[in-house]
Amino acid sequence: MDTTKNCFSDFETSNSWIKELFETIKKVLPKGPDIVPLYKPTIIGNEWNYIKQCLDSGWVSSVGSFVDHFEKDLAEYIGVKHVVATVNGTAALHIALKLIGVKAGDEVLMPSLTFVATANAVTYCGAQPHFVESEPVKLGIDFEKLEEYLRSNTLRKGQICINKHSGSPIKAIIVMHTFGHPVDILRASEICDQFGIALVEDAAEALGSLHNNRCCGGFGKVNAISFNGNKIITTGGGGAILTNDDELANQAKHITTTAKLSHPYFYNHDTIGYNYRMPNINAALGIGQLEQMAKVLLEKRKLAGRYVEAFAQFEGANFIDEPEGCKSNYWLNTIIIDDNKSKLLTQILEFTNNNGIMTRPIWTPMHQLPMFSEAPRMNLNVVENLAHRILNLPSSVAF
Ligand SMILES: *Cc1c(COP(=O)(O)O)cnc(C)c1O
């Protein structure tokens, strides 16, 4: 990102539109701290209690009942049959992909506009990310363009979808609900069925978001979620694998716990496993957090409502509201700046951050990162344009 300054100093701007934008954001935020963070976890319930219970029990690490309890509560909340808690969301995504059979030489479709973890998880399986275009309103995958692209660039060999150009199988598509706004998941399922591709949700940002009254994270064959400190609820660090498939759930538990065969004292392992299990102390925090979900979502919705109102009158940027038929968790509140103002992004970031309001740009698109620059991809004009026009706004509801 270009951080050179020209006509403005750190704390001032001569641009009246930027000042107006700043005032519009400020109006929404409660008066309080000198620096308004982008996101701060909301710790308002039994978190301290459960962590104390965990510490008192001595079972803080890889054994203990909080993990089972957290998995059960989460499965109930999301409405999936099985949850396997993991050390973080990236690990959950890695195992989700592995379970549906992604391996070396395969390609996995995914948006270029995502956090790097989505692409990294694909490479952990030895597979290649294959980047897909986004739509410019809610920032999810552009399924119209994707379908067209797959029709022209793939062929079917038996049950398998093959990239015509590379000859590699396209095993899966990872959809990502950007900033908590659900993608058109039914359209995604149709495309997957039509082309013989497995659906995986990277629902890291979308816990509590609903598509037609069903929770994100429950649509794909195996899905992943994250409980990092900046997510809607946190376990410190953590994630979860979600599935309705009994056999895949068993495998998920097995390979995230070093593939150890159950025995009172002998150490036997029947395959290469991973030490990806969520520690018990993190799960204790998670149980407390999950109990507060409804309250947090309500407050998030109120905050987003205030942004909607403030930006309704504002010229030059649009607030991203939830898609029709969906309920967003409004994880990160976001505006899209008009195209003719995209050159101001760096100045906006400097001015807001230097004046006590934390804002952030969207991630650098994956295909522009050095390690993924050679990866197969669609035309990504929309992504490249959007990358300079997105601003995340303070989104905490910490009480
Ligand atoms: C947070 C996040 C992840 C995974 O995060 P961890 O930090 O590994 O828990 C994956 N994908 C997306 C889109 C995310 O935002």
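In this predicted model, Tyr 274 turns up in the loop between α8 (246–256) and α9. Setting aside neighbours within four places in sequence, Tyr 274 is in contact with His 94, Ile 95 and Lys 98, and also with Ile 255, Thr 256, Thr 257 and Thr 258. Tyr 39 is another matter: 235 residues separate Tyr 274 from Tyr 39 along the chain, and their C-alpha atoms are 31 Å apart.

The helix that follows this loop, α9 (residues 280–291), packs with helix α3 (residues 65–78). The angle between the two is about 35°, and their axes lie 8 Å apart. As for handedness, α3 and α9 make a left-handed crossing. On the α3 side, the contact is made by Ser 65, Phe 66, Val 67, His 69, Phe 70, Asp 73, Leu 74 and Tyr 77. Helix α9 brings in Asn 280, Ala 283, Ala 284, Gly 286, Ile 287 and Leu 290. Sorted by character, the residues of this contact come out as 9 nonpolar, 4 polar and 1 charged.

Aromatic rings are a theme of their own, with a count of 12 aromatic pairs for rings whose centres lie within 6.5 Å. One of these joins Phe 22 and Phe 351, with 5.2 Å from centre to centre and 75° between the planes, an edge-to-face arrangement. This pair ties together distant parts of the chain: Phe 22 belongs to helix α1 (residues 16–28) and Phe 351 to helix α11 (residues 345–354), 329 residues apart. Both Phe 22 and Phe 351 are buried. Elsewhere, Trp 17, Tyr 307, Phe 311, Phe 314, Phe 319 and Tyr 330 come together as one aromatic cluster. Trp 17 has a charged partner too, as the charged end of Lys 341 sits over the Trp 17 ring, 5.1 Å from its centre.

Next comes a bit of backbone. Most residues other than glycine have a negative phi. Asn 212 goes the other way, with a positive phi near 45°, and so does Asn 213, at about 65°. Asn 212 is found in the loop between β8 (210–211) and β9 (214–215), and Asn 213 has its place in the loop between β8 and β9 as well. Their accessibilities fall into separate classes: Asn 212 has a relative accessibility of 47%, so it counts as partly exposed, whereas Asn 213 reaches 72% and therefore counts as exposed.

Two further residues round out the picture. Glu 147 sits in helix α6 (residues 143–153). Its relative accessible area is 13%, so Glu 147 is buried, the cut-off being under 20%. Not counting residues up to four places away in sequence, Glu 147 touches Arg 187, Ile 191, Gln 194 and Phe 195. Of these, Ile 191 is 44 residues from Glu 147 in sequence, yet the C-alpha atoms of the two are 6.7 Å apart in space.

Gly 105, for its part, lies in the loop between α4 (89–99) and β2 (107–111). With a relative accessible area of 45%, Gly 105 is partly exposed. Beyond residues up to four places away in sequence, Gly 105 touches Gly 126, Ser 168 and Pro 169. Thr 178 is 73 residues from Gly 105 along the sequence, with 28 Å between their C-alpha atoms.

Terms used:
Residues numbered from 1 in each chain as written. Predicted model: local features only at pLDDT ≥ 70, side-chain atom pairs only at ≥ 80, totals over all residues. Heavy atoms only, no water. Axes fitted to C-alpha atoms, helices over the stretch in contact; angles between N-to-C directions. Helix = DSSP H or I, 4+ residues; strand = E, 2+ residues; numbered from the N terminus. Left-handed = near helix turned anticlockwise from the far one by under 90°. Contact = heavy atoms within 4.5 Å. Nonpolar A, V, L, I, M, F, W, Y, C, P; charged D, E, K, R; others polar. Phe/Tyr/Trp six-rings, centres within 6.5 Å; stacked < 30°, edge-to-face > 60°. Buried < 20%, exposed > 50% of the residue type's maximum accessible area, 1.4 Å probe, protein only. Lys NZ or Arg CZ within 6 Å of the ring centre and 35° of its normal.
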